[in-house]
Amino acid sequence: MSYVDGFVVPVPQQNLAAYRTMARKAGKIWREHGALEYIECVADDVKPGKLTSFPQAVKLKDGEVVVFSWIVYASRRDRDRINKLVMTDPRLAAMMDPKSLPFDARRMFFGGFKTLVAL
């Protein structure tokens, strides 16, 4: 079964084009190192909940939008190997300077997931 890294991040709407550019470059790097899929989605129908929600999880501020993303790998072993390569790729390091990111990385959350159902 495949393995998935998922992440959620708040992005200021005014920075969405810059985020898209960064995501395209990052996705290309992940794919070059062996990721099967790299998907970035912007919230379209996401509302605050009574207890929790995507907006609440990232402490969404006025003028921001939630981005929900995932990367698919063949296995956990592949994910670990690929991420090691990606994290040492100088192209990614150049994009990940916290001072120049088009989003607040402190409010990003992420994790790795085993596939439970794939149809």
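**Sheet and helix α1 in a predicted model**

In this predicted model, an open sheet of 4 strands is arranged in the order β2-β3-β1-β4, with antiparallel pairing.

User: Which strands stand at the edges of the sheet, each with a single partner strand?

Analyst: The strand order is β2-β3-β1-β4. One side of each edge strand is left without a neighbour in the sheet, because each has a single partner. The edge strands are therefore β2 (37-42) and β4 (109-114).

User: What is the bridge partner of Tyr38 in β3?

Analyst: Strands β2 and β3 (residues 64-73) run antiparallel and are joined by 6 bridges. Within β3, the residue bridged to Tyr38 is Ile71.

User: What angle does the direction of helix α1 make with that of β2?

Analyst: Helix α1 (residues 16-32) packs on the sheet, where it touches β1 (3-12), β2 and β3. The angle between the directions of α1 and β2 is about 165°.

User: Within what arc do the buried residues of α1 fall, seen down its axis?

Analyst: The buried residues of α1 are Tyr19, Met22, Ala23, Ala26, Gly27, Ile29 and Trp30. They line one face of the helix, because their directions, seen down the axis of α1, fall within an arc of 160°.

User: Which exposed residues does the face of α1 turned away from its buried side carry?

Analyst: The buried residues of α1 pack against β1, β2, β3, α3 (76-87) and α4 (90-95). On the face turned away from that buried side, the exposed residues are Ala17, Arg24 and Lys28.

Key
Residues numbered from 1 in each chain as written. Predicted model: local features only at pLDDT ≥ 70, side-chain atom pairs only at ≥ 80, totals over all residues. Heavy atoms only, no water. Pairing = 2+ DSSP bridges. Helix = DSSP H or I, 4+ residues; strand = E, 2+ residues; numbered from the N terminus. Contact = heavy atoms within 4.5 Å. Axes fitted to C-alpha atoms, helices over the stretch in contact; angles between N-to-C directions. Buried < 20%, exposed > 50% of the residue type's maximum accessible area, 1.4 Å probe, protein only. Arc of directions from axis to C-beta.
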